[in-house]
Amino acid sequence: MKTTKYYIAAITCFVIWGFFSLVLRPIHDYPSLDILFYRVFSCSILMLLIAFSFKRKRMKEAVQTFKLMPVFEKRKTILLNIGGSVFLMANWFTFIYVMNHVSVKATSLAYLVCPILTTLLAYFILHEKLNKTQWIAVGLSISGCILLSYANIMDMFFSIIIGFTYASYLVSQRVNKGFDKFIILTFHITLAALCLLPFYPFYSGTVPTEFKFYFCIETIAILFTIFPLFLNLYALSGINSSTVGMLLNINPMIAFLLAMFLYKEQFGFIQIAAYGIIFAAVVVFNSHHIFAAKQKRTAISKGSQ
């Protein structure tokens, strides 16, 4: 039960991302790279303002903690944080590229492949243990992804690339401890903004003038980037990256329901069955926590009688 708050943080994060299309669709006429530029720049500016206004003490503590670290730990911390920023930026870049030049389906499939890759990376790199039930869940998830990609193997190829970058981010940040999560996230996004800045004059379009664009961008920056990414890092501080990765399946499942019922997109029986299998995989993977919570409530209920 001590991990419940971390589960809630992860679930909240991925539920929010599941509704991303609600704020992205109104500005779909704008170039994807422009949306990316303004999203990252807005996030960086907002987070730096918050950090220097309300997190000065935490920033000083972070600097002091870093200074007191042994040389090996300093190098590890630098690599983890630069690597985290690179993985995050690579994920956003590949997502935009595949959406513009390959297919939307491939980007959707990527966030179904990502939990599998996260689980495998966590198992081999971090040596996170999985029980037999969780391996069954991984197998179910793989079978669901195969069903979704059987018609186009290239979609699976590009999905693996996108999924791998975010899976690498999750696994790397699982061991990135000792610092305030907001400060870490500020560093990641600000470094990404600095890397993107030289490309802005050459690859950006005309400066947008519509209020709708900036309203959506700020909503994306605050509600769909800063807040969920912070929750994501917080969840990683209390539960395994493989568990967080598997919960990521909530995101595309909500997007699937929105596409079907709100946007009236057509889905075949195989696609519906595949999403059903993946939903079952999420439940099976986290069944130990679900049943533990149920048993705790039953014990409390009996004790109060």
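This note comments on aromatic contacts and on the setting of F72 in a predicted model.

1. Aromatic pairs. The ring-pairing rule yields a count of 20 aromatic pairs. One of them joins Y38 and Y214, whose ring centres lie 6.2 Å apart and whose planes stand at 90°, so the pair is classed as edge-to-face, given that planes over 60 degrees apart fall into that class. This pair links distant parts of the chain, since Y38 belongs to helix 3 (residues 32-54) while Y214 belongs to helix 11 (residues 211-236), with the two positions 176 residues apart in the numbering.

2. Accessibility of the two partners. Y38 has a relative accessibility of 12% and therefore counts as buried, the cut-off for that class being under 20%. Y214, on the other hand, has a relative accessible area of 30%, and so it is described as partly exposed.

3. The surrounding cluster. Both Y38 and Y214 are members of one aromatic cluster, which is formed by Y30, F37, Y38, F41, Y200, F213 and Y214.

4. A charge over a ring. The charged end of K74 is placed over the ring of F66, at 5.7 Å from the centre of that ring, which satisfies the distance limit of within 6 Å.

5. The setting of F72. F72 is part of helix 5, which covers residues 71-101. With a relative accessible area of 61%, F72 is exposed, because the class begins over 50%. As for its relation to L140, F72 is separated from that residue by 68 residues in sequence and by 40 Å in space, taken from C-alpha to C-alpha.

Conventions: Residues numbered from 1 in each chain as written. Predicted model: local features only at pLDDT ≥ 70, side-chain atom pairs only at ≥ 80, totals over all residues. Heavy atoms only, no water. Helix = DSSP H or I, 4+ residues; strand = E, 2+ residues; numbered from the N terminus. Buried < 20%, exposed > 50% of the residue type's maximum accessible area, 1.4 Å probe, protein only. Phe/Tyr/Trp six-rings, centres within 6.5 Å; stacked < 30°, edge-to-face > 60°. Lys NZ or Arg CZ within 6 Å of the ring centre and 35° of its normal.
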